[in-house]
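Hi everyone, thanks for making time this morning. I'd like to walk you through one structure, with an eye on its aromatic rings.

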Amino acid sequence: MSIAPSELILNPDGSIYHLHLHPEEVATTILTVGDPDRVDLVASYLDRIEVTRQKREFKTVTGTLGKRRLTIISTGIGTDNIDIVFSELDALFNIDFKSRQIKKTPTSLQFIRLGTSGAIQEDIPVDSLLISSAALGLDSLLHHYDSQSIRESALENAFIKHMEWPAALNTPYAVKANARLLQQFQSDEAQCGITVTNVGFYGPQGRSLRLAPKNNSFNVQLSSFNYRTENGDQRITNLEMETSGIYGMAALLGHEALSMNAILANRATAQFSTNTEKTMRRLIGYTLDRLTHS
């Protein structure tokens with residue numbers, strides 16, 4: 001059965017609706033960033049650029065680094081945008097736009113997030129690199145899909161119990177990083193930890209300007225969470241706004257995903273980076289080296 005025009009929306013030129021991309025314009029290895037301006041920073045490392053396209057906050061550059069073809073795309077902020085970007089990128093590869101039918105043989109993509117984040121543990125220094133070994137989503141995205149099969153229920157339950165989670169808030173969900181990518185990118189230069197993804201930057205992350213968050217001890221509770229596994233204890237290391245959606249959508253669609261974080265703030269010590277571009281360039285260099293030489 002073909003997919004209706006109201007569900008798979010194409011532009012008059014045949015491109016996918018929000019991203020304005022055609023299937024041949026995207027590589028199977030995709031680097032995601034939040035800020036559209038950061039796309040050009042990452043693209044400056046490429047040897048050759050094939051495609052540059054922007055619609056709304058979604059900016060895309062596709063090119064090559066050595067023999068590796070890469071796409072860099074901005075998602076904007078939040079898991080709502082992750083739903084759009086990942087659904088449409090998947091459609092570019094796995095739906096035939098002429099017949100509007102799902103292809104019989106799916107193509108698996110590789111997603112690497114290059115993002116900024118705030119640490120909640122005192123011993124994680126500003127300007128360090130961190131890999132999300134798992135994500136705890138405090139948003140609602142995955143609850144709109146049949147996601148139980150890809151979620152880590154034991155981690156979810158332990159977190160809900162520890163936080164005494166209020167019934168009025170979204171039920172937390174947990175998804176692990178892709179195991180192969182995690183092994184490929186790990187090193188002594190980047191520590192690993194559980195990342196919490198929340199629905200906002202201020203109150204939802206415990207920040208207070210003119211509005212005080214309802215739970216003033218939120219970050220303290222997060223930092224004291226200890227999850228015991230057969231491979232050792234794990235703790236929550238950082239807060240941001242996209243990783244849970246990236247891990248969840250990728251797993252549901254049969255893709256690989258890993259979230260790489262540049263730690264620009266430490267919430268426990270109230271510090272913020274004084275050279276954010278240098279730290280971001282370090283993260284980009286680390287990631288591209290692992291992609292092309294591992």
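I'll start with the overall picture, then go to the rings, and finish at the surface.

One thing to keep in mind from the start: this is a predicted model. The protein has 294 residues, and its radius of gyration is 19 Å, which agrees with the value near 19 Å for a compact globule. If you like to think in boxes, the C-alpha atoms fill roughly 55 × 45 × 40 Å along the principal axes. The secondary structure comes to seven helices and 14 strands, and buried residues account for 53% of the chain's 294 residues.

Now to the rings. As a reminder, we describe a pair of aromatic rings by the distance of the centres and the angle of the planes. How many aromatic pairs does the count give here? The count comes to five.

Let me show you Phe86 and Phe111, which form a stacked pair with 4.1 Å from centre to centre and 25 degrees between the planes. Stacked is the right word here because the cut-off is under 30 degrees. Where do these two rings come from along the chain? Phe86 belongs to helix H2, residues 79–94, while Phe111 belongs to strand S7, residues 110–119, so the pair ties together parts that are 25 residues apart in sequence. And are they buried or exposed? Both Phe86 and Phe111 are buried.

Next come Phe159 and Trp165, a tilted pair at 5.7 Å centre to centre, with 45 degrees between the planes. These two residues are both buried as well. They also have company: Phe159, Trp165, Phe225 and Tyr227 make up one aromatic cluster.

Rings can also have charges over them, and I have two cases for you. The charged end of Lys55 sits over the ring of Tyr17, 4.6 Å from the ring centre. Arg207, in turn, lies over the face of Phe201, 3.8 Å from the centre of that ring.

Phe201 takes us out to the surface. Together with Tyr202 and Leu209, Phe201 makes a nonpolar surface patch of about 340 Å². Leu209 is found in the loop between strand S10 (190–197) and helix H5 (218–223). Why do we call Leu209 exposed? Its relative accessible area is 64%, and exposed means over 50%.

So, to leave you with one residue: Phe201 has Arg207 over its face and is part of that nonpolar patch. Thanks for listening, and I'm happy to take questions!

Definitions and conventions: Residues are numbered from 1 along each chain as its sequence is written. This is a predicted model: local features need pLDDT of at least 70, side-chain atom pairs count only at pLDDT 80 or more; totals for chains, interfaces and linings use all residues. Side-chain values use heavy atoms; hydrogens and water are left out. Patches are made of residues with over 30% relative accessible area and no salt bridge: like charges are joined within 9 Å, nonpolar side chains (Val, Leu, Ile, Met, Phe, Trp, Tyr) within 5 Å. Accessible areas come from the Shrake-Rupley method with a 1.4 Å probe; for residues, only the protein chains shown count as cover. A salt bridge is a side-chain nitrogen of Lys or Arg within 4 Å of a carboxyl oxygen of Asp or Glu. Helices (H or I, at least four residues) and strands (E, at least two) are DSSP runs, numbered from the N terminus. Buried means under 20% relative accessible area, exposed over 50%, partly exposed in between (1.4 Å probe, protein chains only). Rings of Phe, Tyr and Trp (its six-membered ring) pair if their centres lie within 6.5 Å; planes under 30 degrees apart count as stacked, over 60 as edge-to-face and the rest as tilted. A charge sits over a ring if NZ of Lys or CZ of Arg is within 6 Å of the ring centre and within 35 degrees of the ring normal. The radius of gyration is taken over C-alpha atoms; the globule rule is 2.2 Å times the number of residues to the power 0.38.
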